[in-house]
Amino acid sequence: MSSPDPAAELAAIFAVDVAAADPTGCAAVLGATRRLRGFIDQVEATVTRRMIELHEHQGAAPAADVHAQTGGVSSAEGKRKERRSKTLDEAPSFEDALGAGEIGAEHVDALATATAKLDDDVKDQLFDREDDLLDDARRLSPEEFGRSVRDLARVIERDNGIERATRQRKSTFLSRKTNTATGLVEGRFALHPELASKVFGPVDRHVGTLIAEGAAAGDPECRDRSVDRNRLAAEALGELVAAGNRHLHPGAGDVTLIADADTVASGDLTDESVCETGDGSAVAPATVSRVMCNARVTVVFVDEHGVPLSAGRTARHANRAQRRALRAMYRTCGFGDCDVPFDRCEMHHIVPWEHGGSTDLDNMIPLCSRHHHVVHEGGWALELSDDRTLTIRQPDGHVFTVSEPDGPAAAASTTNRRRTGTDTGTGARATTRSVTHAA
């Protein structure tokens, strides 16, 4: 693309008697004006870039202030021109298109606004698609282009959120060793946000309980607030873990989540989304849906204005009788060929509870942590028939079918049926579970 000749564009404008012009003549003047304005905007961006350099390296006045003082514009408009120049630095092809009159300054401003609050990683990935962005800017109005950029940024943020959550889980660890000099057991750990909320939420609350109990018992440290909270946190963690071992309930968690209803229902993040743990750590909508399957969760739903719609609601989870019934049907994870024991599985709702799914046996299946994650964060879809045949659909189109559960009840009924047909006399239990793969 080439920049217009400003002298020629001015000549084209002055060549038309606007007062007597027909529609074609008016359109010609407007086209020349647009190209001339684009040329001026490009020059202005280049000058602004130089003013930014002078401010950063020689202490000159900020570019926005110079615009306001010498350009006859407001302070806000001066800042907009400075931001526009910085955006053109990140998307050089937009500057060429602006100078050629193919896009307007408002398109650049829309790009600047849509990317202003993005993480550097997301912004870099977005500008990696600069050619596609410019094609959109050429064919869309500034308002439409701004929405298109925001939509693309949300897609990148969603994908990054899933990838980041996966990396965090892979990096989670806990190690310990005994200090031979002190005899203390020392540890190091790094926890992903969801797990950290499960651990430290109860610990912090129990520390408060221990302080209150100490104050009531006359402990001077608790009275004058000089208590070592780190020491009490260690005591609280030990007491809570010990209590949990006495009343083991696999798969249950204690997490406070704050999420807006639209985000939980759609699974998509928007600029207005709220989706975080009680301590402010961000979580993906898919993580919220997975946690709600089985954990005791305090969820606060808010509308777009931040007004709570409901609070303190306990998520529906399988009760003891239902877990026993499912244990009779499944020895291991309900995914085909997975040997993780049932007691280490989480109860998954086939139709998500937040989408109206019931906590009934015909809507639940045990899934190990890994398979629970691929269903929610990985986008795998599950269908469960009346005879508990499980159909698994991967995002790439592959379909897997698990024909029957592998628990004692299913095994006994299948064994009896087989013996009725052909009794081998061996008494060996037949293997009943099979997995069928379909393209």
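A search of the whole structure, which is a predicted model, finds 3 aromatic pairs, a pair being counted where the ring centres of Phe, Tyr or Trp (its six-membered ring) lie within 6.5 Å, with planes under 30 degrees apart called stacked, over 60 edge-to-face and the rest tilted. One of these joins Phe-94 and Phe-145, whose ring centres are 6.0 Å apart and whose planes meet at 35 degrees, so the pair is tilted. The two rings come from distant parts of the chain, since Phe-94 belongs to helix 5 (residues 92–99) and Phe-145 to helix 9 (residues 142–171), 51 residues apart; helices (H or I, at least four residues) and strands (E, at least two) are DSSP runs numbered from the N terminus. Phe-94 is buried at a relative accessible area of 0%, and Phe-145 is likewise buried at 0%, where buried means under 20% relative accessible area, exposed over 50% and partly exposed in between (1.4 Å probe, protein chains only).

Phe-335 and Trp-380 form a tilted pair, with 5.8 Å from centre to centre and 40 degrees between the planes. Phe-335 lies in the loop between helix 15 (320–329) and strand 7 (346–349), and Trp-380 in the loop between helix 16 (369–376) and strand 9 (381–384), so the pair ties together parts 45 residues apart in sequence. Phe-335 is buried at 5% relative accessibility, whereas Trp-380, at 22%, is partly exposed.

Residues are numbered from 1 along each chain as its sequence is written. Local features need pLDDT of at least 70, side-chain atom pairs count only at pLDDT 80 or more, and totals for chains, interfaces and linings use all residues, while side-chain values use heavy atoms, leaving out hydrogens and water.
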